[in-house]
Amino acid sequence: MKKTIYLCLSVGFLFSNTSYSQKDETSLKTTYEKDFLIGTALGIEHIYEKDAKANQLIKREFNAITPENIMKSQIIHPEFNHYSFEASDKFVEFGQKNKMFIVGHTLVWHSQLPAFVSKINSADSLRLFMTEHIKAVAGRYAGKINSWDVVNEALEEDGTLRKSVFLNKLGEGYIKEAFDLAAKADPKAELYYNDYNIEQPAKRKGAIELIKKLQASGTKINGVGIQGHWSINSENLKDIEDAIVEFSQLGIKVAFTELDYTVLPNPWDLKGADVNQRFEENPKMNPYKESLPDSVQNRLAERYENLFKVFLKHKDKISRVTFWGVNDSHSWLNGWPIKNRTNYPLLFDRGFEPKKAYLSIMKLKSKPTN
Ligand code: G3I
């Protein structure tokens, strides 16, 4: 497979009379540099540069980074009066050292909250937590973080506001409060609302209403992050294209912030089947344990190719495309929604080699019209 990819890339880049393996400036970030940023999510092992191959790949291919977990409040703010900045300092240092666009993820999220938040009873105490958290975290990296996911996943699937602890205790104004606090703590950072499935019509409508309300109240919001956790088994390109157009009509940037395509069966697609431990024992739910068949590899490549065609068509509206992980072994999709599976959702395989999906994206740009 590796040889085939290098051969194809050589053909694809024939006009430059070179191959990918010979000239490593032919990378995602350089190929797409006139279109949008190409990012990746970093795990703690990447931030501390533990693996030479991963490290080399990150620096060669990507010009934007997002911390996969270490800036979540549970990790960065474990106790009311205690913050743990070691890993996030290192993350920001990594980005600065490599001249990368640095994304902060995320300031306000109902999930992965520190344990002490579950003991908070009053609205005032929760507001104090949120205020102090944003001031401390966004304030510490003011001028260094380029873009913040300020509020994450505040919507239900039907487009109404998620019944989170923040909504329940603070009311819907918490979203505006969070954005205003972030703007004050770091006036230079771009501020984004980030969510999954907001390309889908009902949830998209909710996101548009939310953003319009923020804008009408004079709150700073620069962009929307469509996460992009998708499956090779479902078609959603029209929704994606509609979402890009409709969000950008609000005068904001559109980023794809957490892109990956699962290739594995989803237990919830099985009518009448319970989601329980039995799935973990069921080999049918982990069909590509040893390797990925060519037919699936091809489908993944086709999905990425078609998606990037849409991205290129609307490149004037898109600020960044970030993959949710560095290579297949790193992906959260090996552990969700069923633990210990072998998934293949990204562009680089377990040996850090480019997959056919990588080639499919690169070859789009070898055409002179792009
Ligand atoms: O750090 C602990 C470790 O000490 C422990 O030994 C281990 C045992 O399971 O768990 C480790 O924590 C895990 C953490 O990832 C770091 O690996 C958590 O259990 C696990 O829940 C956590 O999952 C992350 C998930 O968000 C929840 O925070 C995924 O890695 C991460 O990819 C995922 O990312 C989210 C975005 O932030 C928001 N959008 C959806 C996306 C996918 O769920």
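**Ligand, Asn-194 and helix H4**

Modeller: In this predicted model, a side-chain N or O atom of His-105 is 2.7 Å from an oxygen atom of the ligand. The protein covers 48% of the 790 Å² of accessible area that the ligand has on its own. Those areas are Shrake-Rupley values with a 1.4 Å probe.

Colleague: How many residues surround the ligand, and which are closest?

Modeller: 13 residues surround it, and the closest are Glu-68, Lys-72, His-105, Glu-153 and Glu-258. A residue counts if one of its heavy atoms lies within 4 Å of the ligand.

Colleague: What classes of residue make up that shell?

Modeller: Three are nonpolar, six polar and four charged. Here Ala, Val, Leu, Ile, Met, Phe, Trp, Tyr, Cys and Pro count as nonpolar, Asp, Glu, Lys and Arg as charged, and the others, Gly among them, as polar.

Colleague: Which ligand atom does Gln-227 approach?

Modeller: A nitrogen atom, 3.0 Å from a polar side-chain atom of Gln-227. Gln-112 has a polar side-chain atom 3.4 Å from a ligand oxygen.

Colleague: Any ground rules for these numbers?

Modeller: Residues are numbered from 1 along each chain as its sequence is written, and side-chain values use heavy atoms, leaving out hydrogens and water. Local features need pLDDT of at least 70 and side-chain atom pairs count only at pLDDT 80 or more, while totals for chains, interfaces and linings use all residues.

Colleague: New topic. Is Asn-194 buried or exposed?

Modeller: Buried, with a relative accessible area of 0%. Buried means under 20%, exposed over 50%, partly exposed in between (1.4 Å probe, protein chains only). Asn-194 lies in strand E5, residues 190–195.

Colleague: Which side chains make polar contacts with the side chain of Asn-194?

Modeller: Asn-152 at 2.8 Å, and Thr-257 at 2.7 Å. A polar contact is a pair of N or O atoms within 3.5 Å; within protein, one must be able to donate a hydrogen and the other to accept it, and residues adjacent in sequence count only if both atoms are side-chain atoms.

Colleague: And helix H4, which residues are buried there?

Modeller: Ala-54, Asn-55, Leu-57, Ile-58 and Glu-61, in a helix of residues 52–61. They fall within an arc of 165° seen down the axis, so they line one face of H4. The arc uses directions from the helix axis to the C-beta atoms. Helices (H or I, at least four residues) and strands (E, at least two) are DSSP runs, numbered from the N terminus.

Colleague: What is exposed on the other side of H4?

Modeller: Ala-52 and Gln-56.
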